[in-house]
Amino acid sequence: MKRLRIFERDAYRCVYCGQQFPSEELTIDHVEPRVRGGDRSDGNLVTACMGCNTLKGHRRLSDFLLAEEVARTNFFRYAVHVWPRILRVLREDLE
Ligand SMILES: [Zn+2]
């Protein structure tokens with residue numbers, strides 16, 4: 001199952017708060033949203049806990065990371081499997 005593979009890859013750690021959770025408390029988050037052309041490839045998917053997912057809401061990832069400094073630090077520390085192209089665009093949006 002793809003979800004579990006992504007959780008496993010990310011060591012069951014939410015990329016936003018940096019805490020580890022059991023799989024029932026985790027969700028998959030698209031870095032580039034589907035509506036903005038993001039696909040379902042592994043490099044566009046990260047592990048997020050329910051709490052952070054709710055906190056992020058419908059904000060764009062760059063808006064969320066701009067507003068939440070801790071999440072921003074954790075994201076760039078833990079989301080190491082995200083495609084470099086996507087990370088580059090994100091860093092540009094945050095400048
Ligand atoms: Zn979290």
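These legends go with a set of close-up views of one predicted protein model.

**View 1. The whole chain, with its 5 helices and 2 strands.**
Start with the overall layout: reading from the N terminus, the elements come in the order α-β-β-α-α-α-α. The C-alpha trace spans about 35 × 25 × 20 Å along its principal axes. A compact globule of 95 residues would have a radius of gyration near 12 Å, and the chain has 12 Å, so the two agree. Of the 95 residues, 25% count as buried. Among contacts with a separation of 6 or more, 61% link residues 24 or more positions apart.

**View 2. Confidence along the chain, which averages a pLDDT of 95.**
As predictions go, here is how the scores fall: 100% of the residues score at least 70. Of the elements, strand β2 (residues 45-49) has the highest mean pLDDT, at 98. Helix α5 (residues 84-94) has the lowest, at 94.

**View 3. Strand β2, buried along its length.**
All 5 of the 5 residues in β2 are buried, so the strand is largely enclosed by the rest of the structure. In a regular strand, side chains alternate between the two faces of the sheet. Here Leu-45, Thr-47 and Cys-49 point one way, while Val-46 and Ala-48 point the other way. Both sets are buried.

**View 4. The β1 and β2 pair, running antiparallel.**
Strand β1 (residues 26-30) is joined to β2 by 5 bridges. To get your bearings, look for Leu-26, which stands opposite Cys-49 in β2. Just past that end of β2 sits Met-50, which belongs to helix α2. Met-50 is partly exposed, with 13 other C-beta atoms within 10 Å. Setting aside residues up to four places away in sequence, Met-50 touches Glu-25 and Thr-27. The C-alpha atoms of Met-50 and Ile-28 are separated by 9.5 Å, and the two residues are 22 apart along the chain.

**View 5. The largest nonpolar core, with 17 residues.**
The members that touch the most others are Cys-14, Val-15, Tyr-16, Val-46, Ala-48, Cys-52 and Phe-75. Two or more residues each come from β2, α3 (61-67) and α4 (69-78). Strand β2 gives the largest share, 4 residues. Zoom in on Val-15 for a sense of the packing. Leaving out neighbours within four places in sequence, Val-15 contacts Asp-10, Val-46, Thr-47, Ala-48, Asn-74, Phe-75, Tyr-78 and Ala-79.

**View 6. Helix α4, with a buried side and an exposed face.**
Ala-71, Asn-74 and Phe-75 are the buried residues to pick out in α4. They cover an arc of only 105° around the axis, so they sit on the same side of the helix. Among the elements covering these buried residues are α2 (50-56) and α3. Turn to the face away from the buried side, and you find Glu-69 and Arg-77, both exposed.

**View 7. Ala-11 and Tyr-12, both with positive phi.**
Most residues other than glycine have a negative phi. Ala-11 has a phi near 55°, a positive value, and is not a glycine. Tyr-12 has a positive phi too, about 55°, again without being a glycine. Where do they sit? Ala-11 is in the loop between α1 (2-9) and β1, and Tyr-12 lies in the loop between α1 and β1 as well. Ala-11 counts as exposed, with 9 C-beta neighbours inside 10 Å. Tyr-12, by contrast, is partly exposed, with 17 other C-beta atoms within 10 Å.

**View 8. Arg-36, in the loop between β1 and β2.**
Is Arg-36 buried or exposed? It is exposed, because just 9 other C-beta atoms lie within 10 Å and the cut-off for exposed is 12 or fewer. For a sense of distance, compare Arg-36 with Lys-2: the two are 34 residues apart along the chain, and their C-alpha atoms are separated by 22 Å.

Technical notes:
Residues numbered from 1 in each chain as written. Predicted model: local features only at pLDDT ≥ 70, side-chain atom pairs only at ≥ 80, totals over all residues. pLDDT = per-residue confidence, 0-100. Buried ≥ 20, exposed ≤ 12 C-beta atoms within 10 Å, placed from the backbone. Pairing = 2+ DSSP bridges. Core = buried A, V, L, I, M, F, W, Y, C linked by C-beta atoms within 7 Å. Contact = placed C-beta atoms within 7 Å. Rg over C-alpha atoms; globule rule 2.2 N^0.38 Å. Arc of directions from axis to C-beta.
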